[in-house]
Structure formats: C-alpha cells, structure tokens
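This report describes the chains of one model and the surfaces at which they touch. Individual residues are then taken up in turn.

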Amino acid sequence: MVQYAKDRRYLESHEWVKLEGDEALAGISDFAQHELSDVVYVELPAVGDTFAQGDTVATVESVKAASDIYMPMSGEILSVNGELGDSPALVNEDPFGRAWFVRFRPSKPEEYDALLDAAAYQKHCEEEAEKGGH
Amino acid sequence: MKEPLIYDISSPGRMAANLPACDVPRAPLPKAYLRQALPLPEVSEVDLVRHFVRLSQLNYGVDKGFYPLGSCTMKYNPKVNEDVARLPGFVNTHPYQDAGTVQGNLMLMHGLQEFLKEISGFAAVSLQPAAGAHGEFTGVLMMRAYHHSRGDQKRTRMLIPDSAHGTNPASTTMAGYETVKIVSDARGNVDLADLEAHCDDSVAGLMLTNPNTLGLFDEHVQQIARLLHACGGLLYGDGANLNAILGIVKPAALDFDVMHFNLHKTFSTPHGGGGPGSGPVGCSATLAPFLPGPIVTEELVEVEHEHAGECDHEDEEGEEVYRYSLEMPASPIGRMKAFYGNFGIFVRAYTYIRTLGAEGLRQASQDAVLNANYLLARLKGVYPLPYDRTCMHEFVLSGVLPGAPGVHTVDIAKRLMDFGYHPPTVYFPLIVPEAIMIEPTETESKQTLDAFADAMLQIAQEAKTQPELLHGAPHVTPVSRLDEVQAARQPVLQCLKG
Amino acid sequence: MPYLPNTDADRAAMLKAIGVKSVEDLFHDVPAALRFPELQLPPALSEPEALSELRTISEYNVDLDHAACFLGAGAYHHFVPSVVGHVLSRSEFYTAYTPYQPEISQGTLQSMFEYQSMICALTGMDVANASHYDGATAMAEAVVMALGVARGKRRKVVLSAGVHPEYRAVVRTYTQGMGLNVTSDDQPRDAHALAALIDTETACVIVQTPDFFGYLADPDELCALSDAAHAAGALFVVSANPISLGLFKPPAEYGADIVCGEGQALGGGLNFGGPYLGYFACRQVHVHKMAGRIVGQTVDRNGERGFVLTLSAREQHIRREKASCNICSNEALMALAAAVYLTALGKQGLRQVAELCYHKAHYAAEQLSGLPGFQVLDQRPFFQEFPLRCPRPVAEINDYLLDEWGIIGGYDLGRKDPRWANTMLVCVTELNTKDQIDDLVEALGALPDQDAETEDAA
C-alpha cells in the first residue's frame with residue numbers, strides 16, 4: 001500500500017516538502033521510492049547552496065537507474081541528511097521520516113500553496129500508474 | 001564454485017617471473033624517495049597459471065557458444081587475425097621510431113584508412129579513437145570545430161533520437177552541447193515532424209544510428225539528411241550497426257557528414273571482456289581538416305632506374321613505391337589519445353578485410369540480415385514484437401509475455417543461461433519496455449539459430465506454466481543470481497587489508 | 001567464404017521461412033538508387049596468403065628483436081613474461097564481452113577485481129576503475145572528475161610542464177568544449193612555483209612522476225604542493241609510471257587524490273602505440289565521481305562470493321546526457337595483462353625490475369657523461385630516463401646509430417621544442433644489457449664530426 005503523508009505538499013515529479021516554521025524539509029515520496037526500487041546512493045548538495053524551484057538539488061541512484069531530484073521550493077540549504085550516506089536504504093524504508101534529503105530556508109514561501117496536496121498528488125500517481133509506467 | 005583471490009593463494013617469498021641479475025654497478029638510491037611496503041601477490045608460476053586458467057573457465061565467450069547481444073555484433077573472432085597481430089615485426093615496434101623504420105606499420109594503417117573510406121564512401125579517415133564512444137566524442141568535437149570555423153557560435157544543441165545508445169548524449173555533453181531528444185514514430189523511424197520542429201540555427205547536428213537500435217533501417221533517412229542540412233546542421237552517423245550494410249549502401253551516399261566505425265563489432269576484432277576496441281572516424285572532405293591526428297599519408301617516391309638518367313615511379317619489378325608518414329590534418333581538433341590509435345586492433349581488422357574482400361563483406365552483411373530475419377520469423381508469434389517490419393541485422397522483442405504476468409525480461413535472460421546461451425541485450429533501447437535485442441551475426445549457422453529459437457520458445461512456455469524456473473534462474477552457472485543492491489550499497493572494490 | 005557457415009540450402013530454407021524470394025528483398029528500405037555499390041577492395045586472400053602478406057608487411061619494419069632500444073618517452077620496452085601472452089590467448093577471456101551478465105562472467109569480473117586491488121596496492125589509493133584508453137585519456141578524465149567534485153564551480157586546471165606533451169594536448173582536446181582554463185605548462189616550474197599559481201578557481205593540480213624528462217620529484221616538495229592544492233580546495237592529481245612505483249613512494253603518501261597513468265609497461269608490449277592501458281585510482285570519498293567501469297564484490301542467492309559491475313548509475317548507459325564520461329568499451333584485456341604481469345612479478349619482482357632500470361640507466365648516464373661533446377644535463381634524481389645534450393642534431397645521430405650500429409636511439413626532445421635542440425632523451429630498461437649500453441657509449445664516442453661527414457660525402 002503506497003502511503004501519501006497528509007502533512008505536506010508534493011510535486012508531480014514526486015518530491016515532497018514539509019514546512020517547519022520558516023524552514024522546510026524536502027524528500028521523495030513513497031510512490032517514488034517504489035518506482036526506483038532499492039536505492040543505493042544519494043548525492044546531496046552542499047550546505048549554503050541556493051536553488052530556485054525546479055533546479056536539480058540531489059540525485060538518487062538505484063542499481064539500474066539514476067533520478068534527478070528537483071527543489072520543491074526556492075531556498076538556501078541549511079543542512080543535508082548525513083544518515084543517507086551510510087544508509088541509502090532509508091529512502092526505501094522511511095521516505096517521509098528519517099530519509100529527508102535537505103533542510104532549507106524557503107525564499108518564496110508563497111510557492112507552497114501552488115503545490116499538490118496529498119489528495120491531488122495521490123490522484124496524479126494513480127493516473128501515472130495506470131498509464132503503464134513500470 | 002569459488003576461485004580464491006590471487007592474494008589468498010600468495011605466500012611470502014614466492015615469485016613467478018625469472019629476471020636477469022644486475023650486470024652493472026649499483027647506483028645509490030635516493031632513500032627519502034623509496035617506498036616501504038608493496039602489497040602485491042607472491043605466487044609461483046604454476047599457481048599463477050592455474051588461477052587464471054580456472055578463472056577463464058568461469059567465463060562465457062563467443063568461442064564457447066552463441067552470443068546474440070544486440071548492437072554488439074558478437075561475430076566470430078578469426079584466429080589468423082590473432083596470429084598476425086602477434087607477429088614480432090608488429091608487436092615490437094615503438095611508436096616514436098623514425099618513420100623510415102616502421103614503413104610496414106604505416107603502410108598497414110594507410111591501407112586500413114583506405115579500406116574504411118571505400119566501404120563507407122567517406123573522403124578521409126582517422127584511426128586514432130580507441131573505442132566507439134571515443135569516436136563519437138571525436139565526431140561531435142569535429143562538428144563543433146567546423147561550426148566555429150565558420151564563425152557560427154550560436155549552435156549549442158545536438159538532436160538525438162530517443163532510441164539512441166547512451167554514449168551519444170554522454171559524448172554530446174562532454175563536448176559542451178545540450179541534448180535535445182527527438183521521438184521515434186510508430187514504425188520505429190525518427191519522427192520527421194518532431195525533427196523538423198527542432199531544426200533551426202541553434203542546432204549543431206543530429207546523431208543518427210542507421211540501422212537504428214531497433215534494428216530498423218530508417219525509411220526516411222535521406223529526408224532526415226535534407227532537413228538537417230537545410231538548417232545548417234551536420235549529420236553524425238553512429239556506425240555501431242554497420243554490419244548490416246557492408247556493400248549494401250555507403251553511409252556517405254546517404255549524406256552523413258561524419259561517422260565512427262567499431263572495429264570490434266563490424267570488423268571481427270575481439271571484445272576482450274570489455275575492450276580494447278577501436279573507433280576510427282570517417283568524414284566528408286569538408287570536415288576532413290578537423291580530424292584528430294596524426295593520420296597516415298602516402299607519397300609516391302621517385303625511384304632512379306639502373307639506366308643512367310632515367311627516373312620514373314617504378315622499381316625494378318615495375319611496382320610503384322610509396323613512402324608513408326604521420327601527419328596532422330590541417331586544423332585538427334587535437335589529439336584524442338597519445339600515439340596513433342589501437343594499432344594491434346588495426347592489424348586484426350586489416351587482415352579480416354583482406355580475408356573477406358568486397359564479396360565476402362557483402363555476403364557477411366547479407367547473411368547477418370538473413371539470420372536476423374529468420375530468427376525473427378521463428379520468435380515473433382510468441383514474443384511481442386513492437387515494430388513489425390523487416391529488420392536488418394538485429395531486432396527487438398518485448399519480454400512481456402501474455403499469460404505470464406510476473407515474468408520480466410531479466411528472468412528470461414537468466415533462464416537462457418541454463419540452456420547454455422549468453423542472453424541477448426536486455427532493457428535497451430529504452431523506448432521498448434522489457435526490451436530484448438537479438439543480433440545473431442552472420443557467423444552463426446541455421447542450426448545454431450534453430451536451437452536458440454527452440455530454447456526461447458521453451459522458456460516462453462515455462463514462463464506460463466513454471467515461472468519459478470525463471471525467477472530462480474540461473475541454476476547451473478558458477479554462481480547464481482548476484483546481489484547487485486548490496487554491491488552498490490556497501491561497495492567492496494578491492495581486497496587489500498586495511 | 002570464410003567464417004560464413006550457411007550454405008545455399010540453409011539460405012534457401014531461411015528465405016522460405018521468412019517469406020521472401022531473395023535476400024535482396026530484405027533490403028527494401030535502402031534507397032534503391034544507392035543499393036549494392038561496388039566496393040573496390042583487394043581480392044580476398046586465403047589464410048596462407050594472408051599470413052604471408054602480413055608477414056611481409058611486418059618485415060618492412062625494424063623491430064626491437066633486431067635492434068637495441070634506448071627509446072622511451074611514454075612507451076617502454078619492458079620484459080613481458082611468457083605467462084601474460086598465454087593467459088591473454090585463452091579465448092574465454094578475449095572472446096567475452098563486457099561482463100553485464102555476471103553469472104557467466106566471473107572470470108572477467110574477478111580478474112578485474114584483482115587488477116583493481118593491485119592498482120590500489122601500487123598507488124596507495126582506495127579504489128581503482130577497470131581502465132581507460134591510455135595514460136593521456138586517464139589524465140583527461142581526472143580533470144573531468146575534478147570538475148565534478150567541484151560541482152562545476154571551478155574552471156581552472158594547473159598543469160605542470162613536466163607532463164608528457166601529448167598528454168597535455170589530449171587534456172586540451174578533451175576539454176575544448178568545457179570552458180576551462182588549462183594553464184601553467186607554458187614553461188618549466190618546480191613544485192613551489194606551481195603552488196603559487198593555485199587559487200580558489202583551481203579544480204585540480206596535475207604533475208607527472210617521473211616527469212617527461214625522467215626526473216623524480218622530491219616527495220617533500222610534492223607534499224607541500226598537495227597541501228597547497230588542498231588548502232585551496234583543489235584536487236591533487238599525479239600521473240605516475242607504474243614500474244617506478246615498484247621502487248618509489250606511492251603518491252597517496254604525498255597527498256594525491258587521484259593517481260592515473262599509462263599501464264602499457266605492465267605486460268602490455270609496445271604495439272606501435274596501442275592498445276594501451278589507462279589506469280585510474282582515487283580516494284574512497286570521491287568514488288561516486290570516478291568514471292569508468294568498477295567491479296565490486298557481493299554474494300549470490302546461496303551466499304557464495306561473486307563479483308559484479310557496480311555503481312553503474314554513474315555510467316553513460318544509465319545517466320546518458322548527465323554522465324560525466326561516455327566510456328563504454330575500455331581496455332579490459334590490457335588490464336588483464338597488467339594483472340597477470342603484476343602477479344607474475346609480485347612484491348619482489350616489480351621492485352627488482354624497477355631497480356634494474358634504475359641501475360642500468362645510471363650506469364649509462366655515468367658512461368655517457370664521460371664522452372667529449374656529450375653532457376648529461378642535470379644532477380637531479382631520475383628513474384630510467386635522462387636528457388643527454390649532444391654535439392649534433394639527434395635525428396642525425398639516430399640515423400648513424402641505426403645504420404652503423406643497429407641501435408635505436410633515444411627520443412629527440414628538440415623535435416617539438418627548439419629549446420631542447422640537440423638533446424636526446426635516453427631511456428634504459430631491464431632489457432638493455434650492459435653490453436648494449438657499452439655499445440651505445442662506444443657508438444656515440446665514435447660519432448663522426450659533422451665536418452668529417454661532409455668531407456666524406458664530397
């Protein structure tokens with residue numbers, strides 16, 4: 001059963017963002033980790049880097065694929081999740097919790113409202129699955 | 001069935017090599033520069049030989065059985081080529097020897113340049129690139145140099161079909177270009193409308209594989225060239241699939257501007273477990289100045305006859321005498337590697353072309369295409385065929401078998417090993433889900449093809465009735481299915497302690 | 001016809017099964033006007049004719065079985081133990097493809113894993129890949145890797161003039177579309193002077209050891225250079241002659257981040273310049289940015305140890321336009337040759353080969369420096385090559401050496417650089433006997449004056 005955490009918003013490209021005051025966390029969804037299957041490596045940005053919404057902020061590698069991860073909102077990186085270096089499997093095990101990728105300070109908080117909520121994102125995923133992407 | 005690591009067979013004090021003693025006075029060594037430890041193995045010659053012989057026996061090569069890897073052209077590697085490549089006159093020559101002392105080598109290289117020009121129709125060839133991808137990178141750099149030479153700096157994009165081999169976009173990026181994907185149409189051709197929509201003066205060129213990675217000859221290849229040239233772009237040819245068209249059509253006649261050859265595919269040189277290959281590049285006269293160098297040039301030499309005062313171009317037997325030299329093209333992109341290319345591979349390819357001749361090369365392509373179409377005819381009723389057209393030297397099926405929902409291409413591939421076959425190329429090209437790409441080559445007999453087809457049909461049956469045989473495959477190989485996730489999550493990439 | 005097993009009967013049966021009349025019908029997609037061109041190629045040769053023809057061609061060469069060789073400059077005439085050729089001739093190795101199906105490729109995979117281990121042993125690095133095309137392209141890939149480690153934010157490369165001129169040319173060729181500033185090799189600079197050119201724009205600093213002229217750098221100086229690079233956030237790249245590493249400090253000990261170079265000397269043979277072997281190794285922390293194929297150890301479903309290609313998501317077939325390197329075919333069989341060579345020589349043997357090269361080269365230098373008109377240029381430590389200033393152009397001397405003495409002389413340094421006119425780079429390996437060296441000395445000692453030769457010709 002694919003999970004869709006309700007306390008956050010999503011991009012169609014399967015990133016999630018969760019606001020925490022004037023900071024935010026970003027990661028990838030349960031649907032995404034299912035698609036990727038076993039994650040073997042996560043490449044994260046440097047602290048202090050800034051990105052615009054939609055810029056490539058990280059890369060996730062499985063055995064047979066590599067996926068770019070896009071910044072869900074514009075902002076400056078405050079910290080990156082060091083645990084993912086030793087335990088990339090966390091992305092498969094706990095994509096909404098321990099496998100957050102970056103903590104950042106959103107520079108345009110208004111971008112959040114235009115993102116998909118859990119229900120809209122779930123609908124998008126179900127449509128995508130039906131179209132036969134394996 | 002595990003072979004110990006060479007380090008685990010080692011024992012201090014053993015050595016396999018038998019070196020001469022030092023016959024000169026010993027000079028003082030600079031102590032501060034010397035290393036202390038050197039953790040290399042220590043084995044006797046017999047243990048060394050047994051180790052590598054046993055390792056070899058864990059391998060599967062073309063000499064063991066059918067190896068239908070699509071786009072790799074795993075044809076038989078002639079043994080006479082191996083003998084010739086080992087002639088001491090070739091092996092024991094240093095690349096910096098004076099040209100006058102290596103006329104044999106230069107003559108062979110020049111001959112190979114000329115053969116490749118004749119086969120392809122191109123005006124000029126450089127043998128320097130060491131592999132197909134190296135040749136692709138070369139070609140893209142040449143295209144860039146050409147545009148820049150005309151003061152055209154605004155071409156920043158390269159068009160690449162969605163069926164292309166990954167080396168095409170990777171080479172493009174290395175040259176500083178942006179990749180733009182062009183979709184394929186329902187018949188597996190480059191979609192002309194999509195191509196036309198993208199052809200403008202920001203485009204440096206299109207990288208086209210023809211026949212393509214679906215094994216199909218593009219039905220509009222001449223229109224593709226026209227569209228591209230009309231917007232000022234160049235047409236690059238990925239020659240990986242040249243085995244389908246030797247003596248059938250010349251790429252230059254299809255208006256390609258530059259192309260790489262894969263000597264280790266089309267011209268029978270061995271794959272070596274991953275290399276060495278050789279990726280010469282051929283091009284039009286317009287692009288010839290930009291080839292990387294050096295290349296070999298030929299000059300007719302004046303020969304004085306015995307009769308005083310006579311001087312003509314014939315030696316005593318009446319044959320022309322040439323001198324061969326290494327020269328840089330007029331405005332080369334530079335050097336793609338040190339020295340001149342993989343010479344040992346040139347010797348093999350040259351010998352192959354001399355052995356087959358024009359008729360043999362055409363027959364090779366005809367038989368390659370015939371074999372592929374035959375195998376396709378035997379399999380297409382059972383395996384889904386995404387593009388139902390006459391194929392060239394290879395074809396692509398899908399591993400999604402009706403009535404076998406849990407079975408994937410990887411399971412079919414692994415099960416083929418139990419039947420004694422190397423699997424075909426799988427999961428490529430990307431535009432066919434669960435792709436299986438089969439290229440038999442011309443060096444296989446109908447018997448071999450029939451036996452392979454029988455195995456594939458049996459596996460299709462097993463997929464429906466006994467899928468666990470596929471999921472658990474391979475069963476009879478030296479190791480069973482390996483954990484690639486662990487290999488990547490916890491990389492162990494060498495065995496030195498500490 | 002050779003290698004084409006199908007008979008006309010086979011072909012007829014296949015055409016029938018396909019449902020076409022003739023094989024020409026299979027080419028209906030090829031534009032009709034262009035179909036079946038004539039190829040003007042020499043008539044096909046039978047096997048004995050091919051052997052004879054190619055043997056004749058090979059005999060137009062002067063090969064090193066028939067002439068003493070003092071030529072190096074990036075390609076070296078070393079002893080290749082007989083076992084190397086025999087292992088490489090096993091067709092299970094040479095007729096195999098890239099080991100993408102690991103269950104039936106454990107021979108290739110384990111031998112590459114062992115090769116990687118031995119390269120780490122030589123260089124002191126943590127990880128090595130399964131080969132690049134040659135030492136020059138390996139160096140170019142080191143530059144690209146350094147750009148990746150710097151996340152594309154640095155565009156400068158500090159390159160020593162001591163690096164082989166063709167390697168420096170290849171680095172420039174490879175990076176011509178990358179908007180880089182490759183600098184600092186316009187004139188010779190010692191480690192101290194190179195360090196002064198490093199700044200926060202620098203992605204990497206590159207040196208070669210021994211350098212192109214044969215000189216060894218002081219490890220302490222290289223340490224200081226490496227510290228300077230690291231202080232500025234740049235990588236330190238060392239291109240090292242692998243035979244020299246049998247004797248001298250592994251570059252890890254003076255701070256290298258990447259060690260690469262030409263592995264031809266490790267059992268590859270000369271082969272007129274190729275196929276050669278680009279070896280490449282780096283520190284663990286950078287492994288995800290290293291290009292090329294990498295073999296890793298793992299287990300199968302029964303818990304048995306096995307080997308697979310790993311970290312493949314870096315490579316072109318997965319990353320495509322986002323791959324840092326396009327490499328597909330590499331030099332696997334030459335890496336196997338290196339693995340066999342390093343195994344055959346082993347811990348003691350490689351050091352012995354290096355010592356033989358060192359002592360013989362130093363003997364040659366000492367003897368040659370006694371000849372009037374000749375001068376061994378520098379007293380800096382060297383390994384197996386040294387520049388020798390000569391009284392006449394090197395090209396003339398080499399013609400004389402070959403014609404009169406059957407000796408292939410050293411590299412003409414003045415060929416590319418007029419500052420080095422009349423200077424020969426003399427190379428000595430373990431294959432040069434004392435007699436050969438003494439003959440070289442005698443030959444050069446008997447070198448006629450220019451004037452004497454002109455008189456003779458008149």
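## Basis of the description

In what follows, two residues are in contact when heavy atoms lie within 4.5 Å. The model is a predicted one.

## Overall form of chain C

Chain C has 458 residues, of which 65% count as buried. Its secondary structure comprises 14 helices and 15 strands. Measured out along the principal axes, the C-alpha atoms of chain C occupy a box of roughly 85 × 65 × 45 Å.

The contacts within chain C can also be described by sequence separation. When residues at least 6 apart in sequence are considered, 70% of the contacts in chain C join residues at least 24 apart.

## The interface of chain B and chain C

The size of an interface is often given as the accessible area lost when the parts come together. For chain B and chain C, the buried area is about 16800 Å², with 64% of it on carbon and sulfur atoms. Chain B contributes 202 residues to this contact, and chain C contributes 183 residues.

Between chain B and chain C there are 7 salt bridges. In one of them, the side chains of Arg335(B) and Glu166(C) meet at 3.3 Å, N to O. Polar contacts link 92 residue pairs across chain B and chain C, counting pairs with both residues at pLDDT 80 or more. On the side of chain B that touches chain C, helix H10 (residues 343-379) gives the most, with 27 residues. That side of chain B is made up of 112 nonpolar, 57 polar and 33 charged residues.

Gln363(B) is a residue of helix H10 of chain B. Across the interface, Gln363(B) touches Met1(C), Leu4(C) and Arg11(C), with residues up to four places away in sequence not counted. Its relative accessible area is 19%, and because buried means under 20%, Gln363(B) is classed as buried.

## The interface of chain C and chain A

Here, 10 residues of chain C are in contact with 14 residues of chain A. The two chains bury about 940 Å² between them, and carbon and sulfur atoms give 43% of this area. Arg151(C), His288(C) and Arg319(C) account for 48% of the area that chain C buries against chain A, more than any other three residues.

Chain C and chain A are joined by 4 salt bridges. One of these forms between the side chains of Lys153(C) and Asp49(A), at 3.3 Å, N to O. Polar contact is found for 5 residue pairs across this interface, both residues being at pLDDT 80 or more. The side of chain C that touches chain A divides into 2 nonpolar, 2 polar and 6 charged residues.

## Two buried loop residues

Asn210(B) is located in the loop between strand E4 (203-209) and helix H9 (221-230) of chain B. With a relative accessibility of 8%, Asn210(B) counts as buried. Beyond its neighbours within four places in sequence, Asn210(B) is in contact with Leu216(B), Phe217(B), Asp218(B), Val221(B), Asp238(B), Ile245(B), Leu254(B) and Phe256(B). For Asp218(B), the side chain of Asn210(B) reaches the backbone nitrogen at 2.8 Å.

Glu111(A) occupies the loop between strand E9 (102-106) and helix H4 (118-130) of chain A. The relative accessibility of Glu111(A) is 12%, so this residue also counts as buried. Outside its neighbours within four places in sequence, Glu111(A) is in contact with Gln53(A), Met73(A) and Ser74(A). A polar atom of the Glu111(A) side chain lies 2.7 Å from the backbone nitrogen of Ser74(A). Glu43(A) is 68 residues from Glu111(A) in sequence, and their C-alpha atoms are 25 Å apart in space.

## Cysteines

How many disulfides does a search of the whole structure find? The search gives 0 over all chains. A disulfide requires two cysteine sulfur atoms within 2.5 Å.

In chain B, the sulfur of Cys283(B) has its closest cysteine sulfur in Cys231(B), and because the separation is 20 Å, the two are too far apart for a bond. Cys283(B) is buried, with a relative accessible area of 0%. In chain C, the closest cysteine sulfur to that of Cys204(C) belongs to Cys260(C), and at 9.5 Å this pair is likewise too far apart for a bond. Cys204(C) is also buried, its relative accessible area being 0%.

Notes:
Residues numbered from 1 in each chain as written. Chains lettered and ligands numbered in written order. Heavy atoms only, no water. Buried area = accessible area lost by both parts, 1.4 Å probe. Polar contact = N/O pair within 3.5 Å; in protein donor to acceptor, adjacent residues only side chain to side chain. Helix = DSSP H or I, 4+ residues; strand = E, 2+ residues; numbered from the N terminus. Nonpolar A, V, L, I, M, F, W, Y, C, P; charged D, E, K, R; others polar. Buried < 20%, exposed > 50% of the residue type's maximum accessible area, 1.4 Å probe, protein only.
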